Amino acid sequence: MNNLKLTSSQQVIDVVMRAMMICGIAGYRNDSKLTLGRHLRDATGAALMVNNDRILGQNATMHVGLREA
């Protein structure tokens with residue numbers, strides 16, 4: 001489950017950034033129907049709310065525990 005949370009929170013940022021590349025400057029504008037500012041904010045917020053650094057630390061601890069067992 002931890003790896004799923006990490007991967008999804010990182011991949012959603014990649015998806016939004018690729019969409020911005022497709023939309024071009026209209027993706028940055030707030031007055032455009034193609035604006036992606038809110039999507040980018042929400043995507044980066046997912047990595048903060050999931051707290052990727054903490055989960056990576058827990059994964060490392062579990063991995064070390066499994067290797068010693």
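The following dialogue explains how to read the helices, buried faces and salt bridges of a predicted model.

Biologist: What kind of model is this, and which residues count for local features?

Modeller: It is a predicted model, in which local features need pLDDT of at least 70 and side-chain atom pairs count only at pLDDT 80 or more, whereas totals for chains, interfaces and linings use all residues. Residues are numbered from 1 along each chain as its sequence is written, and side-chain values use heavy atoms, with hydrogens and water left out.

Biologist: Where is confidence lowest and where is it highest in the protein chain?

Modeller: The term pLDDT is the predictor's confidence in each residue, from 0 to 100. Here the protein chain averages 86, and 99% of the residues score at least 70. Confidence is lowest in H3, with a mean of 81, and highest in H1, at 90.

Biologist: How should the span of helix H1 be read?

Modeller: Helices (H or I, at least four residues) and strands (E, at least two) are DSSP runs, numbered from the N terminus. The expected span of a helix is 1.5 Å times one less than its number of residues. The 22 residues of H1 should therefore span 32 Å, and its end C-alpha atoms are indeed 32 Å apart. For helix H3 (residues 52–68), the 17 residues should span 24 Å, which agrees with the 24 Å between its end C-alpha atoms. Just after H1, Gly24 takes a positive phi of about 75 degrees.

Biologist: Which residues of H1 are buried?

Modeller: Buried means under 20% relative accessible area, exposed over 50%, and partly exposed in between (1.4 Å probe, protein chains only). In H1 the buried residues are Asn2, Leu6, Ser9, Val16 and Met20. They cover an arc of only 110 degrees around the axis, which puts them on the same side of H1. The arc is that of the directions from the helix axis to the C-beta atoms. On the face turned away from this buried side are exposed residues, including Leu4, Val15 and Ile22.

Biologist: What covers the buried residues of H1?

Modeller: The cover includes H2 and H3. Asn2 gives a case: this residue counts as buried because its relative accessibility is 18%. Leaving aside neighbours within four places in sequence, Asn2 is in contact (heavy atoms within 4.5 Å) with Ile55, Gln58, Asn59 and Met62.

Biologist: Which residues of H3 are buried, and which exposed residues lie on the face turned away from them?

Modeller: Asn52, Ile55 and Asn59 are the buried residues of H3. Their arc around the axis is only 60 degrees, which puts them on the same side of H3. The face turned away from the buried side carries the exposed residues Asp53, Thr61 and Glu68. Asp53 is exposed because its relative accessible area is 64%.

Biologist: How many salt bridges does the whole structure hold?

Modeller: A salt bridge is a side-chain nitrogen of Lys or Arg within 4 Å of a carboxyl oxygen of Asp or Glu. The search finds 3. One of them joins Asp14 to Arg18, with the closest N and O atoms 3.1 Å apart.

Biologist: Where do Asp14 and Arg18 lie?

Modeller: An α-helix has 3.6 residues a turn, so residues three or four places apart point the same way. Asp14 and Arg18 both lie in helix H1, 4 residues apart, about one turn of the helix. Asp14 is partly exposed at 31% relative accessibility, whereas Arg18 is exposed at 53%. Another salt bridge pairs Asp31 with Arg29 at 2.8 Å, N to O, and a further one pairs Asp42 with Arg41 at 3.3 Å.
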